[in-house]
Amino acid sequence: MRQITKFLMCLGLFLGVTAATSLNAATSTFQNGVNGYTGTVDTHVRDSGVNVSEANNVIFLTDGENPISHAMIRFDNIFGLGPGQVPPDATITSAFLVLRTANNGNTVNFYRMLVPWEETNTWNVMVNGLSPDDVEMASAVEFATVDQAPVGTVSTNDVTAIVQGWLAGTFPNFGWGTQPTSTDGWQVDSSESGTIANRPMLIINFEEAMVRPVMIVQQPTGGTVNEGGTFTFSVIVAGTDPVYQWRFNDMDILGANSSSYTIPRVLRTDEGTYTVVVQNSITAPITSSGAFLDVIPDLTGPRVICAYATNNDNVTIFVQFSELVTGADALGNYMVVPAGGGTPLTIASAAYGGASATEGNVVVLTLDAATPWVAPGAYNLMFGNAITDLFGNAIVAGQRPIGLYSDATFGITESQIWTFNDDGQNIGDTWKERIYNDSAWKSGPALIGFETAALPEPLRTPADRLDDVGTVIRTFYFRTHFNYGGPAGDGTLRFRTVLDDSAAIYLNGVEIFRNRLPAGPLDYLTPGAGDAVGDAVYEGPFTACATNLLVGDNVIAVEVHQTGGNSSDMVWGMDLASVIPQITPCSIVTQPVGTNITVEGSPFTLRVVAGGSNPRYQWQLNDVDILDATNATYAVAQSDCEVHAGMYRVIVRNDAPSECTSASVNVTITCDTLPPVVACVYGTNDTIVVVFNELTTNGLEFFNFTVEPATDGAAVAVATNFYTSGTDIGTTVLVVIDGTTPLTPDKPYNVTVQGIADLFGNTMPAPVTLAIPLFSSASLLSVPGSQWRYETSGTDLSNTWYAVGYNDGAWPLGSAVFDAEREPRTEVGGYPVGTQTTLSNAANTAQIPTHYFRTHFNYSGPATATLQLTAVLDDGAVYYLNGREILRIGMPAAPAPILFNTLANRTVGDATNEFLFACVTNLVNGDNLLAVEAHQVNLTSSDLTFATGINVYSTTPLPRLSIAPGPGAGEVTITWTVSGTLQRSASLSTPNWQNVGGVVGNSFTTQATGMGFFRLTNP
């Protein structure tokens, strides 16, 4: 940490007069990850996450709005006599704080911190952030950054005075805090940045004595180590140019002349006492205290954990041992014999993996080409006891089966589901264990990630690229389960990956493989090693010898790391097989079951369960192979009576060789002969929405839709039609009115639909004319102030809670708007908050994924109607009317099941009005139940908001009265927009409504005398 440049000054005595003290000009540089320094502490606190710690963020932010954010930075352990520290008696000549811009922004002011703080402190812990009030921070600005410095700019700031004060003890070293000067936030690479060179750096230039005596600051310590392990002794020495000599049992160790001494492979003879002697030009030798190394001898011999071939040829066999061995490259140690008995195969050579290696844990056996192993035969490896480990322990002679054949376990398919975590946070180390609870994670089939380039498999499940504060996520976590039917313990796994960029793979919590990652421990900020992957492709197959396989359920856990800090792509997928010693013939364990499809177009799936090794499947329809139907399941997404009806069977084959055929099963499909019908229609914003009861094919033809006034007048022009599906088929068509012929307000309209066909060629036989609901009625349920029962304890209520007869009497009763925010607020979306709820469960141990709400409203009218829902919602919701689902927003599309832990698929900032429409058929006269479940987008979300209002859309305009001066003196004229009966009452407190005489058309003129109240009623 210190680079010392010496310059000569006089040191000596002349005629009894002492010359000036000799000094060294020296520099100490403090930056996390450089020369072992780890003392940089930095973070930021923000008002958008008042209780959220940013301790592990790769940047720190100062901003004036959205969010308001203040930063803190400190360098600990910079003074002392240790290597690289600034000595207590040094004279500091200059000091500089060096920061690298990660995202440019306005000028930021830095102040001296006056109070101690931790990297985990939050906005609330710092009491509404930081204040330059001479309490938390000094009021005087120490220095200011440059406005709008480009990304990558290195900002060097003079901090000489404050560092001199720290050394002198004038004030304690609590570091600096920041304040924004405007609203464009400035981001700086933090001490957690994956690129060491980008981390904050403190440079201190100082003068010290030319030669200091050496002294031992920290004595070496011993310990206990297993034979074969690694052990390092170290000593910390202060002083100038120390010289080291390590000793073992009072004897010098040749070449052990640095501040540390490492024994890379400890032997039992290394047990004893170690010391180190230090000295320099002005200090006599000093011997450290003794450090005893206790060596636990290795008394266990090696064993063969697996033997396998790779199918690249029939002469190469790999033997893997449990530890490093010697003598294992001698041909006489091995025999390869048929499992059922017979003549041994001839082994031509045995060699360790490395060239000229004399030890290793893998030996490659090469058979004579004249005696290869032959499929589908089974073979055993026999080995003798001349093989030893590095400590003289011999292997126990024996035999084990040789894995020769691949038995598929799972593929990169729709049916193999992975759970994954893409929130970008540090999730610790237990996530890889088999029993870890990953139920709150997202899930889906591979490939999983984000990529725009071509991939070898479909990208079936998207993942997030950025975390909640917009930082590129460095590490992603994945888990999946598989069943293993072999013996517990040792086994051979073979797999391929589709990977961008780097990964470590674990089996039941034990690492079995890593690709493009550095050696050593991994954490969520570890970058991938080497260059970033271009476009992900299949890699492998790779083979791993496992020692912890379980009979039944096993878990593969994977961490995928990005190589670049701003990577634009990440992909993960993996297939898996076990390598087995012999192939068992196939069998049909569970036969497929036929089905009767009564609604043409409905999906169906046929399944078979096959036994035997590595089965391969071929489905047939009416004895003819079905193209690409080569899985254990055969699924049809949309049935067609002319294509998919008939007798199905599946033929299963494997390399035994064997073949077995399932029973034939019948799939009947009732042909759809009914044309599509309009299920729902409504209008808004000069767009008419037409919903059909099934998928249709020609809704894009604008002449199939005519929109015209209900009473008189010409049809309006249609500008365009499109399906909401974004394709050329769908159930919902949007008919957009041309702007040159807009709809007239307060005028009823009809839409005539004709010529629409379904997927089976059935066409509407005649045009159908429907009145368009265009006009909103009086509110059935208001947004603010409406009363709801709500349940926010964090309990999974399954699917009974929205039933009409469900008893919600124990639920609390509250007024909308409902809001849960880490920093409680009184208003959201322009509405007052009526009820404060919670983000955490009743035990305050976890965040709640789903909140439940129920309310009632009265209605009079037909069962079929168009509802307009005014939602104030953060993040997603499912709506139920009288026990039936009517709408989803921000949630996985139907028919995907919605569970308690299902997360929303959209992120909402602060909730605002959203206008949603639902065509319903189950309204009842009188009391109706509306039930809603609101879902979070993730389990770190800082808020959840819910409120909903209801209006019914009508096909005719509502009556509207207008009053204006009449034609005569003292007269007023009342007019109205629709037909009806005009009534008058002298009072509203005790109304007595009477029909008004003298009405002409839709107007009435009368003298403006006395008091009168008017209303219009429909006949």
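How many Å apart are the sulfur atoms of C680 and C919, which form a disulfide? They sit 1.2 Å apart, and this pair makes a good way into a chain of 1019 residues. Please keep in mind throughout that you are looking at a predicted model.

Let's stay with that pair for a moment. C680 belongs to strand β55, while C919 is in strand β73, which covers residues 913-920, so the bond ties together parts of the chain that are 239 residues apart in sequence. The two ends differ in how much surface they show. C680 has a relative accessibility of 8% and counts as buried because that value is under 20%. C919, at 31%, counts as partly exposed because its value falls between the 20% and 50% limits.

Now step back to the whole chain. The protein has one helix and 81 strands, so it helps to navigate by strand numbers, which run from the N terminus. Along the principal axes, the C-alpha atoms fill a box of roughly 130 × 95 × 55 Å. The radius of gyration is 39 Å, whereas a compact globule of 1019 residues would have one near 31 Å. Buried residues account for 47% of the chain. The accessible surface comes to about 45800 Å², and carbon and sulfur atoms contribute 53% of it.

The contacts and charges add to this picture. Taking the contacts between residues at least 6 apart in sequence, 72% join residues that are at least 24 apart. As for charge, the chain carries 39 positive and 92 negative side chains, yet the centres of these two sets lie 3 Å from each other.

With that overview, we can return to the cysteines. The structure holds three disulfides. If you number the bonded cysteines in sequence order, they pair as 1-2, 3-4, 5-6. One of the bonds joins C306 and C545, with 1.7 Å between the sulfur atoms. This pair links distant parts of the chain: C306 is in strand β25 (residues 304-308) and C545 is in strand β42 (residues 538-549), 239 residues away. Both of these cysteines are buried.

Another disulfide connects C641 to C671, with an S to S distance of 2.1 Å. The torsion about its S-S bond is about 105°, so this disulfide is right-handed. C641 lies in the loop between β51 and β52, and C671 in the loop between β54 and β55, so the bond ties together parts that are 30 residues apart in sequence. Here C641 is buried, with a relative accessible area of 14%, while C671 is partly exposed at 41%. Two further cysteines to look at are C586, buried at 11%, and C660, buried at 14%.

Next, the backbone. Most residues other than glycine have a negative phi, and most peptide bonds are trans. Against that background, a few places are worth a look. The peptide bond from A446 to L447 is cis, with omega near 5°, and L447 is in the loop between β35 and β36. A cis peptide bond also joins G540 and P541, where omega is about 10°. P541 lies in strand β42, the strand that holds C545 of the disulfide with C306.

Two aspartates show a positive phi. D250 has a phi of about 70° although it is not a glycine; its place is the loop between β19 and β20. D623 likewise has a positive phi of about 70°, and it lies in the loop between β49 and β50. What is the relative accessible area of D623, which is exposed? The value is 55%, and D250 is exposed with a value of 55% as well.

Finally, visit two more loop residues. D728 is placed between β58 and β59 and is exposed, with a relative accessible area of 51%. Leaving aside neighbours within four places in sequence, D728 is in contact with T696, T697, L700 and Y723. The C-alpha atoms of D728 and L700 are separated by 7.1 Å, although the residues are 28 apart along the chain. T845, in the loop between β68 and β69, counts as exposed at 63% relative accessibility. Its C-alpha atom is 9.9 Å from that of G794, a residue 51 places away along the chain.

Terms used
Residues numbered from 1 in each chain as written. Predicted model: local features only at pLDDT ≥ 70, side-chain atom pairs only at ≥ 80, totals over all residues. Heavy atoms only, no water. Helix = DSSP H or I, 4+ residues; strand = E, 2+ residues; numbered from the N terminus. Rg over C-alpha atoms; globule rule 2.2 N^0.38 Å. Buried < 20%, exposed > 50% of the residue type's maximum accessible area, 1.4 Å probe, protein only. Contact = heavy atoms within 4.5 Å. Areas by Shrake-Rupley, 256 points an atom, 1.4 Å probe, with all protein chains shown as cover. Lys, Arg positive; Asp, Glu negative; His and termini not counted. Charge placed at Lys NZ, Arg CZ, Asp CG, Glu CD. Disulfide = S-S within 2.5 Å.
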